[in-house]
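Student: Please take a close look at a single part of this structure and explain how its surroundings fit together.

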Amino acid sequence: MPEIRVGYQEELRTLEASALGGLDLVSAAVTRTLEAVEHQDIELAQIVVADDDRIDGRYLEVHQALITLLATQSPVATDLRLISALLHVLKNIERMGDQCVNICKVVPMTGHEPPADEEMVKLILTMGVHAKSLIMQAKHAFEERNVEMARDLVERDDVIDELNRECFQLALAIGDDADKREWAMTMLLTARAIERIGDNCVDIGEQVAFVVTGLFREFEDASHPSASA
Amino acid sequence: MFGSQAKSEAEEGRTTMSPAGPVTATSSQPVAAASTRRAKTLEAKEVNLFYGDFQAVEGVNMTIEPNKVTALIGSSGCGKTTFLRSLNRMHELTPGASVKGDIELDGEDVYASGVDPVAVRRLIGMVFQQPNPFPTMSIYDNVAAGLNFNAGRIAKSEKDEIVERSLRGAHLWDEVKDRLDRPGMSLSGGQQQRLCIARATAVSPEVLLMDEPCSALDPVATLAIEDLIAELKKEYTIAIVTHNMQQAARASDNTAFFNLEESGKPGRLIEIGPTEQIFTKPTQKATEDYVSGRFG
């Protein structure tokens with residue numbers, strides 16, 4: 001039988017590409033954010049903050065287009081699951097952009113002095129590199145509808161979580177100097193924001209599983225770790 | 001359950017089925033709509049349907065569950081209407097048409113020898129695509145028509161009760177109670193269809209079959225019929241053929257998808273399941289393609 005609703009299918013494909021393209025924007029934002037943290041580059045941090053409007057714009061634009069598709073095309077089955085998942089993913093993308101903004105807003109608070117603990121900066125930069133890798137893995141898992149790749153995000157996110165805990169230990173051990181303590185607190189906020197980016201990637205992975213299987217399950221349930229799928 | 005063909009028309013007409021068993025048609029029934037009662041299960045077993053040598057439907061096995069709405073969907077020519085019409089033995093009214101397989105109403109074979117097709121159609125009523133009130137009859141007489149035909153003489157007061165109950169059940173009473181003697185054809189399309197539903201329920205069927213009951217109606221009348229269907233399932237088992245997939249999604253509990261491989265081949269049941277599942281995660285690709293509108 002002839003394929004019909006070609007225009008609608010094409011639009012859905014375009015919107016998926018546009019939504020997932022938001023992950024490229026986030027990945028670029030993370031790159032700049034890490035650079036700003038490493039070099040205490042306040043100007044670059046301000047650019048990241050200003051550029052977040054692009055991520056928000058992508059979110060609003062694709063979100064509206066998906067709502068219009070829902071209203072006018074009555075999607076069902078896989079199409080419906082895809083649109084539902086994309087709405088979630090867009091929210092995750094927007095949140096990840098905001099985490100970059102959160103980090104960049106505290107860059108000026110680290111001052112112009114050399115870092116109080118080089119090791120802690122290294123850990124945070126390593127966390128950032130892992131987070132970027134997770135972002136791209138989440139994107140590929142979604143594009144390829146690859147549940148295995150999506151599930152693997154959990155283990156890779158565990159690495160970021162472990163690094164975050166190490167940062168915390170370093171902060172505890174930083175001593176009594178008030179300036180150093182303030183610096184460490186700022187860096188902990190940064191580490192925490194990167195850790196949340198990892199969590200958002202896992203959330204995207206859960207949406208991949210939903211699109212493919214039709215079942216929504218959290219890969220990991222923070223409040224009931226033993227009950228996770 | 002079913003009247004025997006050996007019985008005389010008058011004799012068989014006096015016996016109908018109630019949830020409690022056979023009752024005489026003269027016994028009174030409550031005017032107020034009852035809360036949910038268990039209707040009967042309709043089950044198709046290896047049903048094959050033919051028009052002469054042409055096989056229209058092949059190997060259908062499905063259960064139409066009691067007190068639920070089962071939607072039959074599929075593209076034109078896939079056999080869903082033919083299948084629906086076989087459920088109350090209307091298929092055989094077409095010259096040359098024949099049926100193989102079993103259709104059972106609560107375990108009793110509708111096609112068993114000696115079963116009277118008229119009795120089957122009383123227990124399994126049908127509502128058609130085009131509202132079809134009897135053109136020369138009043139609103140009242142349209143609803144009472146089946147009673148007159150099936151039940152012989154019954155008291156006027158009881159007939160009044162049944163007509164009122166049926167019109168109330170069809171959400172039409174308040175709109176027509178002051179003009180019951182007006183022609184049925186004087187009503188709007190949506191009202192006429194509700195009148196036909198009242199006519200179908202007046203004879204206390206177990207199952208209501210609906211063949212695209214809203215396709216000739218405007219959107220508001222369509223939604224009114226869908227609301228009515230949701231009410232009716234508390235009393236009856238309902239099967240509805242619809243081309244409107246949103247209607248199937250909105251109004252049914254279970255959905256059955258029929259399809260044919262290619263023109264000239266018989267239609268088959270591809271998948272049946274809870275409507276929610278069919279419209280969110282169908283198991284068959286053909287179902288997915290159809291409900292997603294990828295082919296028509």
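Tutor: β9(B) and strand β10 (residues 237-241) of chain B pair in the parallel sense over five bridges; strands are DSSP runs (E, at least two residues), numbered from the N terminus, and two of them pair if DSSP finds at least two bridges between them. B:V207 has B:T237 as its bridge partner in β10(B). The model is predicted, so local features need pLDDT of at least 70 and side-chain atom pairs count only at pLDDT 80 or more, while totals for chains, interfaces and linings use all residues. Residues are numbered from 1 along each chain as its sequence is written, and chains are lettered from A and ligands numbered from 1 in the order in which they are written.

Strand β9 (residues 207-211) of chain B also runs parallel to β8(B), joined by four bridges. There, B:G125 stands opposite B:L208. These strands belong to an open, mixed sheet of six strands in chain B, ordered β8-β9-β10-β5-β11-β12. β8 and β12 (268-274) of chain B are the edge strands, each pairing on one side only.

Both faces of strand β8 (residues 124-127) of chain B are nevertheless covered: B:I124 and B:M126 on one side, and B:G125 and B:V127 on the other, are all buried (20 or more other C-beta atoms within 10 Å of the residue's own, C-beta atoms being placed from the backbone).

Back in β9(B), B:L208 touches B:G125, B:V127, B:A200, B:L232, B:Y236 and B:I238, not counting residues up to four places away in sequence; contact requires C-beta atoms, placed from the backbone, within 7 Å.

Methods. A residue is buried if 20 or more other C-beta atoms lie within 10 Å of its own, exposed if 12 or fewer, and partly exposed in between; C-beta atoms are placed from the backbone. Two residues are in contact if their C-beta atoms, placed from the backbone, lie within 7 Å.
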